[in-house]
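Student: Before we begin, please show me the structure. I should like to ask how each descriptive term is justified.

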Amino acid sequence: MLDLIVSGGTCVLPSGTVAADIGVKDGMIATIGAPGTLAEAGRKVDATGKLVIPGGIDPHIHCSMPVRAPGRPDVLTDPPSQVSKAALHGGTTTLIDFVQCVHERTVQESIEQTQAHWKDGCYCDYGFHLTLMGEVPQPHFGQLADAMQDGHASIKIFTTNIRPGNLGRMVPHGHIWEALKVVAAQGGIACIHAEDNDIVMFMYEKLMRENRVSFEHMAEVHNALSEELSFNRVIRLAENVEGAALYMVHVSAATGVAALEASRAKGFPMYGETLHQYLMYNAEDYKRPGGQMYHTYPSLKYPEDQKRLWGATNRGAIQVIATDELCCPIRIKLQGSRIDDTTGGNSGVEPRVGLMYTQMVTERGYTEAHFVDMISTNAAKIMGLYPRKGALAVGSDADIVLMETGIRKTITAADLHETDYTPWEGHVVTAWPATTIAHGRVVVENGAFSGDLKDGKFLKRKVSEEMRSRPAV
């Protein structure tokens, strides 16, 4: 007998969007059939009138991460328990965070330290990118290869230190070149935070010299030229390493889109991620009261950049919409007010799915399948999780979300489960998750939460040859 049947819904399957029933056994999708054709089960979930989709995947979040600001003690962002609970309420069932591979520890020791925050401390499944730091110690390259063989299929690289005094983050290009060779040999993918450090640091100095230090000037510092120069430089490095694939995180400018488009047109496996912040806010929003709450690094750009980003989500150079989740109280988010001390990241993992359905399907006429690709399936494919994740298919994990569509719901911080503010306060959405199922177990139903911190499992990942050989999505 099946453990669970989801019946009566409109299901977004890999083969198309159809009316279907889904049968679950032992945490996996065991069968998919026409409405009313499945056998009895221990429980039935009525999805009548609902859109049934695979659980969302957010491949860019930061839990238990130090927030550093000049002259202030470090504060850790909220832990996996908080963020994963909010994620499940919002229809996201898989998260990918970061391991900082610091020099004083082996790569494996850094992984184990991060894992200590997650094991038995997360309500949903998770994975890690391995973040290289500064001038990579030579032994780390071999350790990186071992870790990638053990299921850590992606690395993270910064081409900038982001802010003055924030030393040790930027990886020199020679070290990037060497890292790309390791990643290509191990069948992985490199996630790149690409800004030109010389341009960024020069602009910090220039604006400070001119006493234009308010965070409202952030887009002058983390500017589109910086994105253009850095994207093109690191992409050219990758194009000269056989088998190298790149995932450009938080693309914020039209110049970044153009760089990705040019390389993809030549057949190179380049992928782009943007954030819902960039799609829905721009540099003018810095002028609003509490404008820091809309900021992340790189900065918000301009309406013309937003237009190009939206165009790129329409089966173009942007395949994934993530959050760069940084969950902290409003007092931390607003503690800085200068270009050199404003807190990056945003509280956004819970409203992402509902917001993107509204913006993509309702406002722009994208298909429901396209929406699912952007918030789940493409991330699963690029990050080596598909078809275990990101699909309603026989053999996939039973991570299933029932979306109530055709509604008008106003987002408020009081209704969310992340922290005491939301940058999406007052936004009206036309869809919201009514039920979230993880590993075949109902964990959110009509606002009630029944997750278990031992439910979340570490995901070993391997990027497919298809994704690494060409721009496959």
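**Salt bridges and their setting**

Tutor: Searching the whole structure yields 20 salt bridges; a salt bridge is a side-chain nitrogen of Lys or Arg within 4 Å of a carboxyl oxygen of Asp or Glu. This is a predicted model, in which local features need pLDDT of at least 70 and side-chain atom pairs count only at pLDDT 80 or more, while totals for chains, interfaces and linings use all residues. Residues are numbered from 1 along each chain as its sequence is written, and side-chain values use heavy atoms, with hydrogens and water left out.

Student: Why is the pair R43 and E445 called a salt bridge?

Tutor: The closest N and O atoms of R43 and E445 are 2.7 Å apart, and the limit is 4 Å, so the pair qualifies. The pair links distant parts of the chain, with R43 in strand 4 (residues 41-46) and E445 in strand 20 (residues 441-445), 402 residues apart. Helices (H or I, at least four residues) and strands (E, at least two) are DSSP runs, numbered from the N terminus.

Student: What makes R43 partly exposed?

Tutor: Buried means under 20% relative accessible area, exposed over 50%, and partly exposed in between, with a 1.4 Å probe and protein chains only. R43 has 33% relative accessibility, so it counts as partly exposed. E445, at 29%, is partly exposed as well.

Student: Are D285 and R288, which meet in a salt bridge, buried or partly exposed?

Tutor: The N to O distance between D285 and R288 is 3.1 Å. D285 has a relative accessible area of 12%, so it is buried, whereas R288, at 38%, is partly exposed. R288 lies in the loop between helix 9 (276-280) and helix 10 (303-312). Not counting residues up to four places away in sequence, R288 touches Y281 and Y294, where contact means heavy atoms within 4.5 Å.

Student: How do you know that R338 forms a salt bridge with D340?

Tutor: The closest N and O atoms of R338 and D340 are 2.8 Å apart, which satisfies the 4 Å limit. R338 is partly exposed at 31%, while D340 is buried at 14%.

Student: Which residues are linked in a network of salt bridges?

Tutor: The network links D125, R388, K389, D397 and D399.

Student: Why is the protein called as compact as a globular protein of its length?

Tutor: The protein has 14 helices and 21 strands. Its radius of gyration is 21 Å, close to the 23 Å that the globule rule gives for 473 residues, so the description applies. The radius is taken over C-alpha atoms, and the rule is 2.2 Å times the number of residues to the power 0.38. Of the 473 residues, 61% count as buried.

Student: What makes the backbone at H250 and D324 notable?

Tutor: Most residues other than glycine have a negative phi, and most peptide bonds are trans. H250 has a positive phi of about 30° although it is not a glycine, and D324 has a positive phi of about 55°, also without being a glycine. H250 is buried, at 2%, and D324 is buried, at 7%.

Student: Which prolines are joined by a cis peptide bond?

Tutor: The bond from Y297 to P298 is cis, with omega near -5°, and P298 is in the loop between helix 9 and helix 10. A cis bond also joins Y386 and P387, with omega about 5°.
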